[in-house]
Amino acid sequence: MVLQVQEGLLTTSSLRVLVATAVPAERDAVARAFTRSTGFTCDVIAAGVGPAAAAAATAVALAGAPYDLVVSAGIAGGFQPEAPVGSLVIADEITAADLGAETPDGFVPVTELGFGTVTHRPPSALVRDLAAATGARTGAVLTVSTVTGTAARAKELRARHPRALAEAMEGFGVAEAAAAHGIPVLELRAVSNPVGPRDRTAWRIGDALAALTEGFGKCAPVLESWNRHDRTH
């Protein structure tokens, strides 16, 4: 389902943004940030869980309408202590953490195997401006197909990706779809739990969804002022 949060409203910009979340609770949290009129059009979808579902649903949405920016958004696990529970993270790189091969010498990313890509980089100026507006931390957000559930796995990921702030399951899929259409991509995450041993009692999903709404509300003025020249940087 697509929530067209600016449908029928007059806008002052031609900017059109697609926000891809995983589940309806995240979709609705983003949509709540746009209860007032803004200077751009924003459509929000619940694309499904995992990189494959995210890529497929995002690609379908992009084929159906022209967009200027795609955003992967939702909750995430945060690497401690850099990304505490309740904080916001904006990716300056979106990296597939487990796309590659296991070898006797350790994990080898698909790029070192001679094909594919594992990283997409959002527009640096836009990342900087959004971080300043929201107070979000910036760094790598990892896309994983299996959520980390042990301290050993968390340590392994940090060793391979020392700039990682968070892990989620959809960003790289959304970024692949955006890249196929030549559209810039962002990833914005609210931290709901620490990356590490699986402990449901430590999850703060409601707080993270509230932080997601607040963060997107603060993003709106920055997106409104993102002009065509800025869109290339």
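Which side chains are joined by a polar contact of 3.5 Å? Those of Arg189 and Glu170 are, as the first of the views below sets out. The model is predicted, so that local features need pLDDT of at least 70 and side-chain atom pairs count only at pLDDT 80 or more, whereas totals for chains, interfaces and linings use all residues. Residues are numbered from 1 along each chain as its sequence is written, and side-chain values use heavy atoms, with hydrogens and water left out.

**View A. Arg189 and its polar partners.** Arg189 is found in strand β11, where helices (H or I, at least four residues) and strands (E, at least two) are DSSP runs numbered from the N terminus. At 0% relative accessibility, Arg189 counts as buried; buried means under 20% relative accessible area, exposed over 50%, and partly exposed in between, with a 1.4 Å probe and protein chains only. The side chain of Arg189 makes a polar contact with that of Ser72 at 3.1 Å, in addition to the 3.5 Å contact with the side chain of Glu170. A polar contact is a pair of N or O atoms within 3.5 Å, of which, within protein, one must be able to donate a hydrogen and the other to accept it, and residues adjacent in sequence count only if both atoms are side-chain atoms.

**View B. Helix α2 and its two faces.** For the 14 residues of α2 (residues 51-64), 1.5 Å a residue gives an expected span of 20 Å, which agrees with the 20 Å between its end C-alpha atoms; the expected span is 1.5 Å times one less than the number of residues. Ala54, Thr58, Ala61 and Leu62 are the buried residues of α2. They cover an arc of only 95° around the axis and therefore lie on the same side of α2, the arc being that of the directions from the helix axis to the C-beta atoms. These buried residues pack against β2 (16-21), β3 (41-46), β4 (69-78) and α5 (171-180), contact meaning heavy atoms within 4.5 Å. The face turned away from the buried side carries the exposed residues Ala52, Val60, Ala63 and Gly64.

**View C. The largest nonpolar core.** Of the 33 residues in this core, Val19 and Phe216 touch the most other members; a nonpolar core is a set of buried Ala, Val, Leu, Ile, Met, Phe, Trp, Tyr and Cys residues joined through side-chain atoms within 4.5 Å. Helix α6 (205-224) is among the elements that each supply at least two residues of this core, and α6 gives the most, with nine residues. Not counting residues up to four places away in sequence, Val19 touches Val30, Cys42, Asp43, Val44, Ile45, Val71, Ala73 and Phe216. A second, separate core of 28 residues includes Ala20, Ala54, Ile183 and Val191.

**View D. Helix α5 around Glu176.** Seven of the ten residues of α5 are buried, so the helix is mostly covered. Glu176, which has its place in α5, is partly exposed, with a relative accessible area of 34%. Leaving aside its neighbours within four places in sequence, Glu176 is in contact with Thr117 and His120. The C-alpha atoms of Glu176 and Ala56 are separated by 9.7 Å, although these residues are 120 residues apart along the chain.
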